[in-house]
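Please look over the model below before reading on. The points start with the ligand, then take up the domains and the core.

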Amino acid sequence: MASPIKIFGVPVSQNVRKVLAVARHLDMPVEIAPLPPRDAALLSVSPSGRIPAMDDNGFTLCESNAILIYLASKKPTALYPEDPQRRARIHQWMFWDSAHWTPAYQPIQFERLVKPKFYGGAPDEGVIEKALAAYNREAALLNAALDGNDWLTGDGPSLADFSVGAGFTYAALIDLPLSDYPNIRAWYERLSALEAWKASTPPMS
Ligand SMILES: N[C@@H](CCC(=O)N[C@@H](CS)C(=O)NCC(=O)O)C(=O)O
């Protein structure tokens, strides 16, 4: 008999959080191996040492968005509809998340949260200023896309919302500017009301 899918990574990581939230939304049992990044035990599933990673009975995978697609492909639901154009739109947002959105907000999260908490030292305001310019450029795009839309790609939540929404996990703690983005605020409230999103909330967010 097949074992539950194993997810490697600490749930405080927003990239792990999105995987756990999607698994929960799909009602798919997973087992968590709470390893921090670069743990030696990770390397056979995640050669970069980054989290999250996954092992489904010998099939290993890393990259959070690839894992989301894998999980949702195993159990077809409205999170990942079969229609090619709807899927393409979901992929568009997931690629944007990896290529533009995460790189825009992550330096702010690192400087304001990860660095003081785990490495010690004051935030580098120069890094933050540069990152805020990128963040505002991307947040304006997201806010515009949500104008008149409750969700990113259809009438209900899809993988796109879980993927992009993970970036707001620490928004309050790291003081991400949201006052100019009312559509993002309303959308993130909708996402936050989902049982799966609540259940995957890291303790310190
Ligand atoms: N693109 C990757 C990013 C994964 C990532 O950077 N994870 C962080 C934790 S949130 C990590 O493992 N950092 C350690 C490192 O980069 O060495 C994904 O979406 O899975």
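1. The ligand is surrounded by S13, N15, P37, R38, G49, R50, I51, P52, E63, S64, N65 and S98. A residue counts here if its C-beta atom, placed from the backbone, lies within 6 Å of the molecule. By class, this shell has three nonpolar, six polar and three charged residues. Ala, Val, Leu, Ile, Met, Phe, Trp, Tyr, Cys and Pro count as nonpolar, Asp, Glu, Lys and Arg as charged, and the others, Gly among them, as polar.

2. This is a predicted model: local features need pLDDT of at least 70, side-chain atom pairs count only at pLDDT 80 or more, and totals for chains, interfaces and linings use all residues. Residues are numbered from 1 along each chain as its sequence is written.

3. The protein chain is assigned domain 1 (5–74) and domain 2 (84–197). Such bounds come from an automatic or database domain assignment. The C-alpha centres of the two domains lie 20 Å apart. Their contact takes twelve residues from domain 1 and 13 residues from domain 2. Contact means C-beta atoms, placed from the backbone, within 7 Å.

4. Which helix gives the most to the side of domain 1 that touches domain 2? α1 does, with eight residues. Helices are DSSP runs (H or I, at least four residues), numbered from the N terminus.

5. The largest nonpolar core has 46 residues; F8, V19, V22, L68, A72 and L159 touch the most other members. A nonpolar core joins buried Ala, Val, Leu, Ile, Met, Phe, Trp, Tyr and Cys residues through C-beta atoms within 7 Å. Buried means 20 or more other C-beta atoms within 10 Å of the residue's own, with C-beta atoms placed from the backbone. Each domain supplies at least three residues of this core.

Note on methods. A residue is buried if 20 or more other C-beta atoms lie within 10 Å of its own, exposed if 12 or fewer, and partly exposed in between; C-beta atoms are placed from the backbone. Two residues are in contact if their C-beta atoms, placed from the backbone, lie within 7 Å. Helices (H or I, at least four residues) and strands (E, at least two) are DSSP runs, numbered from the N terminus.
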